Amino acid sequence: MKRRQFIKNVALSSASLPFVSNGFGMQALSKKLFNFSTGAEDRVLVMIRLNGGNDGLNTVIPIDQYANLMLHRSEIIIPQNQILSVTPEVGFHPQMQGMKGLFDQGKLSVVQNVGYPEQNRSHFRSMDIWTSGSLDVSETRGWLGRYFDSYNPNYPSGYPNATYPDPFAISMGSEVTATCQGIAANFSHAVSNPNNAVNLYQGGFVNDGSYYGEHVEFVGTIIEQTNSFGQVIHAAAQAGSSLSAMYDPTNSLATQLKYVAQMISGGLKTKVYVLSLGGFDTHDNQADATNLQAGVHVGLIKKVSDAIAAFQDDLQLLGLEQRVVGMTFSEFGRQIESNASLGTDHGDAAPLFLFGTCIQSGIIGPNPTIASALPDQAGIAMQIDFRDVYASILRDWFQVPTNEVQQLFAHQVQFYSLAGTCNVSLEEQALANGSMLVYPNPTPSSVHVNVNLAEGRAMGELRDAHGATVKTYFDQSFPSGVHTIFCDMDGLASGTYFLVIRNNEKTFLEKVVKMK
Amino acid sequence: MSLTPYTGAWTRSEAAHLLRRTLFGPTHQQISSIANMSMNDAVNQLLTIASVNPPLAYDAGETMVPQGQTWINALYPSNPNSNQLCEMARVKSLTAWLMQNMNYQGMDISQKMFFFWHNHFGAAFSSDARATYTYLELLRTSGLGNVKQLVKDVTLDPAMLLFLNGNTNSVQHPNENYSRELLELFTIGKGDQIAAGDYSNYTELDVASGSKILSGYVVQGIRSSTLTAAQTLFLNPLHDTSAKTLSYHFGNATVANAGAQEYANYIDIIFQQPQVATFICTELYRFFVNYDLTNDVETNIIPALAQTMIANNYDILPVLQELFTSQHFYDVALLGSIIRSPLETVFSMLNSTETQINVNLATDYNIYLNIYYAAANMGLDFINPASVAGWEAFYLSPSFSRLWINSTTIKFRFDLATGLFVFGIPINGYTLKVDTIPFLNNLSLPSSADAVIDDICELFIAKPVDVATHDDLVNILTNNLPNFEWTLQYNEYLNNPNNPTFVDPVRYRVQLVLDRVFKMPQYQMI
């Protein structure tokens with residue numbers, strides 16, 4: 001299926017603009033006015049890695065495909081009467097009460113059929129692809145590492161410092177995360193328990209330029225950073241708190257998320273937290289032969305759902321909901337057909353979850369189609385490229401300009417509206433201050449413009465890079481207020497253009513990039 | 001093509017480098033002994049596999065054999081609860097025993113090669129400790145043997161069949177888990193994806209055909225109260241008898257039905273591809289020499305090793321012989337190019353200080369379990385490899401062995417040093433603390449502060465330290481007094497070897513020096 005057919009089961013934005021990123025209309029604007037506005041610099045992204053390849057079909061169940069699913073995976077399928085329906089077509093695993101609650105409150109979305117072209121079914125290569133955000137084997141950096149690198153090319157030399165006293169990213173546990181691998185170092189700092197104080201012996205060292213010398217400098221830097229980051233993390237943990245009673249202390253993911261809430265509430269400026277839960281490589285005993293509600297996958301999904309629900313509850317109690325969004329990811333989904341071990345083998349695309357109050361809630365994308373007859377080893381076809389999910393989050397959540405986002409990825413990025421619902425108030429302010437919003441930008445076809453006009457005549461036109469007018473859109477009287485205007489750019493060659501609107505004495509100008 | 005042999009001087013420096021890479025922490029005497037041999041004799045001595053005694057029952061959960069006897073061929077209790085407790089007791093015994101073997105290593109490469117193969121195959125412990133033991137012993141005893149034979153043996157090993165679901169791979173329900181890893185990780189390796197389902201060296205067709213070829217095996221006897229070992233059985237009705245076609249990477253070969261022999265025919269076909277030797281030799285190079293495959297290494301070193309491997313029909317010993325006697329291996333640019341794994345960290349602290357645990361069976365095993373957990377806390381849970389690909393530090397670009405070091409694990413490395421050398425680690429009423437007196441007495445000139453520090457640096461630091469670092473360490477040893485005070489103190493201890501007034505200060509100063517050394521960035525490399 002082509003990406004063009006991408007639709008939202010739950011239409012939250014204008015049905016006529018299902019693919020347009022940043023596609024809020026006036027109705028959405030008024031709804032979002034109540035959102036508290038925070039700058040992107042305070043925002044936090046929490047990523048939860050489901051290691052091993054989560055079985056998407058037993059997590060988010062396409063109810064309308066149930067009959068055919070029964071043909072292929074009856075040994076492990078969730079009994080239909082136990083599925084938690086969240087829409088008429090889509091259901092959750094029965095253990096996902098917590099996440100269903102979030103969905104019902106508009107704090108959870110499912111992005112369906114996420115993957116990448118020519119799925120690689122090796123855990124290792126596929127996880128490399130997901131963490132690097134690139135299909136190129138020679139790309140050794142993580143997608144967030146590239147983003148951090150672009151602003152901090154000398155890292156780790158000179159960090160932490162007065163501007164960046166806190167780690168860019170924290171990886172919960174004893175390993176740093178490949179998503180944050182930069183050129184010279186990894187931008188993530190491993191934390192197993194922020195309540196522990198750290199004060200390591202810090203000796204002198206010299207890098208003699210050899211492999212050994214480079215390692216010496218690396219270890220020396222880690223020791224220094226461990227001390228300085230350790231202090232700020234410990235201070236944040238001491239200053240912070242966690243208020244939810246929903247965390248299950250036996251749930252390792254919940255405990256890690258509790259620490260994250262504690263650190264955020266304690267004022268740590270870390271942008272990204274990465275957590276990991278293993279065990280999703282369910283080649284066998286995914287389900288229990290005698291009790292389909294038992295089995296390995298059941299416990300894992302319950303852990304994920306309970307932990308996220310507790311975390312979101314905590315964020316609400318701490319007043320931090322506007323500052324945090326989260327997402328899950330896994331290296332691949334699993335094959336449609338179950339194997340003889342009550343398990344499933346490595347597959348292709350799968351759903352991922354976004355959570356938080358600022359995400360575009362709902363089911364994003366259609367259910368996968370399950371045929372009655374399948375070729376061997378069939379998986380779920382990819383419809384949404386995971387790199388576009390990353391890119392959209394960078395744009396929507398961290399407010400990275402779209403041209404900079406594009407530079408982080410080798411493919412032509414397609415933006416989706418995923419995490420921008422709290423931005424409207426920010427953009428409202430921008431409009432009130434006299435700027436205009438053009439979206440999507442860069443654009444593959446045409447753009448919409450949101451502009452705050454004074455009463456009177458306004459004229460809009462598009463000019464090319466040399467200043468020549470290539471299109472005139474309007475020249476008429478407008479009432480005062482914010483207007484959303486469609487500007488057709490079809491038929492224009494790829495390149496840079498300038499959209500110019502003159503309103504009485506005022507001129508608005510915005511660069512627009514057309515990319516095919 | 002072959003590697004240029006090393007013809008430079010054979011000194012303590014080369015000997016120490018060779019031992020740092022092939023042992024888990026050499027002693028001062030071992031370096032002396034190797035330095036006094038010829039290089040060829042030294043390498044030949046190292047390239048042997050020692051024998052070990054089997055693990056022993058020591059925990060109360062072991063109800064089938066008496067304490068002090070081995071359980072490796074013992075039945076399990078039939079009562080499910082006792083059966084579970086018995087398995088837990090055996091896993092603890094096995095785990096402790098693995099650490100004991102590393103602590104009691106001889107002057108040979110056995111334990112490092114065992115680690116290499118364990119990382120290569122990446123199987124976590126099975127649900128039957130006897131099967132886990134048998135599998136791990138297969139890897140250890142085959143350490144210097146034939147790669148092709150080892151892959152065949154591992155393929156039918158009960159623990160591996162359980163780990164990668166070979167035991168449920170049947171004609172009715174193919175399970176490709178083992179078939180995929182056999183190609184991707186165990187033999188030919190995965191190259192770039194050059195087309196849909198084509199990974200340069202094999203395709204998805206080969207994965208699917210492989211699972212058919214390997215179908216028909218089941219495992220019986222797991223935690224059995226009637227069978228003394230887990231066994232692999234071939235059941236023809238479960239085997240796919242069709243003719244299987246391989247991709248163009250294997251010359252479109254057809255693998256005819258050959259029942260229980262078919263797996264071996266298939267593995268023979270895989271090993272006809274020279275890429276297998278390149279893949280294994282690259283892994284050996286990264287494990288023993290350096291992570292960085294420079295142009296020179298890819299053009300001259302790896303192909304030469306691979307050629308030697310093929311010329312010897314995949315015997316591993318000639319390859320390592322060539323590597324460890326080569327000019328390249330002793331290139332000073334490669335000294336200290338590998339960051340210590342957690343095992344190399346904890347066992348250098350113990351082995352290089354000549355610390356072998358020997359209290360009583362139960363205490364020893366409990367101590368070894370704690371050593372095991374120490375390594376696990378530093379990121380290496382030995383019987384649970386991070387994944388079937390092994391630990392990322394051995395394969396994940398660009399950081400490789402640097403992945404062992406982060407803010408959490410470096411803190412644990414430091415805490416471990418302080419625990420072992422300063423405060424002691426309490427374990428079930430016993431305090432594990434390294435006695436540095438025997439270690440000191442075996443150094444070249446214990447009465448000389450300079451000589452003591454030189455010996456310690458040679459043992460623990462891969463390259464010579466600068467003068468300032470040397471002097472800092474001397475000052476810790478002498479407590480900032482003139483060096484002759486250390487000589488006096490040491491001689492007074494020699495005259496009063498049982499008087500704590502003279503023994504304790506000497507022991508303590510050396511403990512402080514070692515504690516410092518283990519916290520220097522320079523220590524973290526081999």
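**Exercise 1. The disulfide**

Which handedness does the link of Cys358(A) and Cys422(A) have, given the angle about the S-S bond? Work with the predicted model, and determine also which parts of chain A the link ties together.

*Solution.*

Step 1. Over all chains, the structure holds 1 disulfide. The bond is formed by Cys358(A) and Cys422(A), with an S to S distance of 1.9 Å; the cut-off for such a pair is within 2.5 Å.

Step 2. The angle about the S-S bond is -85°, and the link is left-handed.

Step 3. Cys358(A) belongs to the loop between strand E12 (350–355) and strand E13 (362–364) of chain A, while Cys422(A) belongs to the loop between helix H10 (402–408) and helix H11 (423–432), so the pair ties together parts 64 residues apart in sequence.

Step 4. Both Cys358(A) and Cys422(A) are buried.

**Exercise 2. Two further cysteines**

Classify Cys180(A) and Cys487(A) as buried or exposed.

*Solution.*

Step 1. The cut-off for buried is under 20% relative accessible area.

Step 2. Cys180(A) has 0% relative accessibility and therefore counts as buried. Cys487(A), at 1%, counts as buried.

**Exercise 3. Two open sheets of chain A**

Derive the strand order of the sheet that contains E17 and E20, and then that of the sheet that contains E2 and E4.

*Solution.*

Step 1. The sheet with E17 and E20 is open and consists of 4 strands in the order E18-E17-E20-E21, with antiparallel pairing.

Step 2. Strand E18 (469–478) and strand E21 (506–514) each have a single partner strand, so each stands at an edge and has one side without a neighbour in the sheet. From one strand to the next, the twist averages 15°.

Step 3. Strand E17 (residues 456–464) and strand E20 (residues 495–503) of chain A run antiparallel and are joined by 7 bridges. Within this pairing, Ala458(A) has Asn503(A) in E20(A) as its bridge partner.

Step 4. The sheet with E2 and E4 is open, has 3 strands in the order E2-E4-E3, and is paired antiparallel. Its edge strands are E2 (60–62) and E3 (84–85), each pairing on one side only.

Step 5. E2(A) pairs with strand E4 (residues 90–92) of chain A over 3 bridges in the antiparallel sense. Opposite Pro62(A) stands Val90(A) in E4(A).

**Exercise 4. Backbone geometry in loops**

Locate the cis peptide bond before Pro160(A) and the one before Pro398(B), and then examine the positive phi values of Asn165(B) and Phe400(B).

*Solution.*

Step 1. Tyr159(A) and Pro160(A) are joined by a cis peptide bond with omega of about -5°. Pro160(A) is placed in the loop between helix H5 (143–151) and strand E6 (169–172) of chain A.

Step 2. In chain B, the cis bond joins Ser397(B) and Pro398(B), with omega of about 0°. Pro398(B) is in the loop between helix H16 (361–377) and helix H17 (407–423).

Step 3. Phe400(B) also lies in the loop between H16 and H17 of chain B. Although Phe400(B) is not a glycine, its phi is positive, about 45°. Its relative accessibility is 5%, so Phe400(B) counts as buried.

Step 4. Asn165(B), likewise a residue other than glycine, has a positive phi near 60°. This residue sits in the loop between helix H8 (158–163) and helix H9 (177–186) of chain B, and Asn165(B) is buried, with a relative accessible area of 2%.

Definitions and conventions
Residues numbered from 1 in each chain as written. Chains lettered and ligands numbered in written order. Predicted model: local features only at pLDDT ≥ 70, side-chain atom pairs only at ≥ 80, totals over all residues. Heavy atoms only, no water. Pairing = 2+ DSSP bridges. Axes fitted to C-alpha atoms, helices over the stretch in contact; angles between N-to-C directions. Buried < 20%, exposed > 50% of the residue type's maximum accessible area, 1.4 Å probe, protein only.
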